[in-house]
Amino acid sequence: MANFTLEDVRQRTYKARDAWWTVMLVDPLAARLVRFTANRTNVTPNQLTVGALILGLGAGACFAVATWPYLLLGALLYHLSFTLDCMDGKIARLKGTGSVFGAWLDYIFDRVRVLACAIALMGGQYAATGNVAYVWTAVAVVFLDMLRYMDALEIYKVRSQMRNKLQATRAQAQELELAVRRAGNGPDGEVGEDLRSAEGALRPDPEADMEDQVVGDHPNVALQAEFNQRFPWYARIRNALLRGRIRPHLISGIEFQMGVFIVAPVAAAVVSGAIIPVTVLSGVGMMAFELVIIYKFWLSSRDYSRSLAKLERKIAGYREQLPAEHEQRQATVGSAG
């Protein structure tokens with residue numbers, strides 16, 4: 001059997017930035033369960049993913065009953081389901097057993113769990129009260145969950161495409177700059193500052209990008225220059241939260257789920273009718289932070305476009321300085337490739 005320590009689990013599986021719910025209410029328990037599971041069993045990440053779904057469906061069954069004891073039990077099962085859901089990724093990182101299929105399975109089962117629990121929770125309340133507002137609330141929960149993850153995936157994809165474009169342009173610019181130097185037609189280092197400016201426009205943004213760095217990687221994360229200039233106080237808040245591994249995106253998809261499927265049922269067990277108000281507050285909070293991410297992405301795209309356009313003008317200028325035979329040689333090389 002393996003002999004992983006709790007410190008191994010923390011350094012190799014804790015994300016450098018994570019949701020505050022995970023950091024404060026899940027990781028302390030999940031880390032100890034991961035150490036035991038990794039050292040004493042042969043349980044795989046995919047098996048934990050399936051277990052998380054089963055517990056999630058059990059939570060949904062409790063929610064459907066709609067009485068206060070079952071609402072409390074459903075909330076507890078949902079929290080345990082999420083804990084197992086966190087454990088599968090930690091086991092995969094700790095043992096190096098992650099897979100593309102496992103990532104897909106985790107994503108799909110997460111969405112199935114949200115869908116099932118939303119229908120069960122709101123459907124149970126509708127059956128008990130006859131209030132059609134619960135039906136629309138279920139639709140809203142599923143829609144917001146879908147919107148959140150679709151937006152995250154799309155932003156990640158677009159930022160990756162922008163980085164690839166910058167890398168390709170950089171390679172082209174450096175080659176042309178070198179050719180101009182050899183020809184003696186231009187000063188040294190003229191492109192360098194524009195390259196750095198273009199690259200700086202897309203520095204990692206862990207609130208928007210789907211990064212998975214862990215504590216042991218000691219990441220050096222920077223935000224977009226324009227966003228920092230407009231909101232200088234943000235860096236102080238970000239750094240203070242980072243010391244506790246908490247990301248500034250305080251109400252993400254995770255907190256939204258916990259608000260709907262843990263806080264709302266617990267509140268409804270105490271105060272009848274509390275599910276809809278708590279769900280609305282959770283949804284409004286998540287969308288507010290999502291708008292911040294979209295705003296940051298918009299600023300980043302503007303920086304990227306300006307920097308890239310400036311860089312491409314430099315490239316065009318260098319091409320004009322090069323002898324015609326160099327361009328013909330480049331075209332020959334390109335067609336051969």
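This is a short talk on the cores, salt bridges and surface patch of one structure.

Okay, hi everyone. One thing up front: this is a predicted model.

Let's start with what the record says. The UniProt entry, which is unreviewed, lists residues 50-71, 132-150, 250-268 and 274-298 as "transmembrane region". I looked at two of those spans in the model. Residues 250-268 come out 84% helix and 0% strand, with the end C-alpha atoms 23 Å apart. For residues 274-298 we get 96% helix, again with 0% strand, and the ends sit 36 Å apart.

Now, the inside. The largest nonpolar core has 48 residues, and the ones touching the most other members are Phe63, Tyr78, Leu121, Met122 and Phe261. Plenty of helices chip in with at least two residues each, among them H1, H3, H5 and H10. The top contributor is H4, with ten residues. If you want one residue to click on, try phenylalanine 63: its contacts include Tyr70, Leu121, Phe261 and Pro265. There's also a second, separate core of eight residues, including Ala173, Val180, Leu311 and Leu322.

On to charges. How many salt bridges are there by the rule used here? The count is ten. Let me walk you through three.

First up, lysine 90 and aspartate 27, with the closest N and O atoms 2.9 Å apart. Lysine 90 is in helix H4 and aspartate 27 is in helix H2, so this pair ties together parts that are 63 residues apart in sequence. Are these two buried or exposed? Lysine 90 has 3% relative accessibility, so it counts as buried, and aspartate 27 is buried too, at 0%. Arg245 joins Asp27 and Lys90 in a salt-bridge network.

Next, aspartate 145 and arginine 111, at 2.8 Å between the closest N and O atoms. Here helix H6 holds aspartate 145 and helix H5 holds arginine 111, so the link spans 34 residues of sequence. Aspartate 145 is buried at 5%, and arginine 111 is buried at 15%.

The third one is local: aspartate 110 meets arginine 113 at 3.2 Å, N to O. They're three residues apart in helix H5, so about one helical turn separates them.

Last stop, the surface. Leu29, Leu33, Val65, Tyr70, Leu73, Leu76 and Leu80 make a nonpolar patch of about 560 Å². Helices H2 and H4 each give two or more residues to that patch, and H4 gives the most, with four. Leucine 80 lies in H4, and at 33% relative accessibility leucine 80 counts as partly exposed.

That's my tour, thanks!

How values were computed:
Residues are numbered from 1 along each chain as its sequence is written. This is a predicted model: local features need pLDDT of at least 70, side-chain atom pairs count only at pLDDT 80 or more; totals for chains, interfaces and linings use all residues. Side-chain values use heavy atoms; hydrogens and water are left out. UniProt positions are given in the numbering used here, feature names are shortened, and annotations may be inferred rather than shown by experiment. Patches are made of residues with over 30% relative accessible area and no salt bridge: like charges are joined within 9 Å, nonpolar side chains (Val, Leu, Ile, Met, Phe, Trp, Tyr) within 5 Å. Accessible areas come from the Shrake-Rupley method with a 1.4 Å probe; for residues, only the protein chains shown count as cover. A salt bridge is a side-chain nitrogen of Lys or Arg within 4 Å of a carboxyl oxygen of Asp or Glu. Buried means under 20% relative accessible area, exposed over 50%, partly exposed in between (1.4 Å probe, protein chains only). A nonpolar core is a set of buried Ala, Val, Leu, Ile, Met, Phe, Trp, Tyr and Cys residues joined through side-chain atoms within 4.5 Å. Contact means heavy atoms within 4.5 Å. Lists of a residue's contacts leave out its neighbours within four places in sequence.
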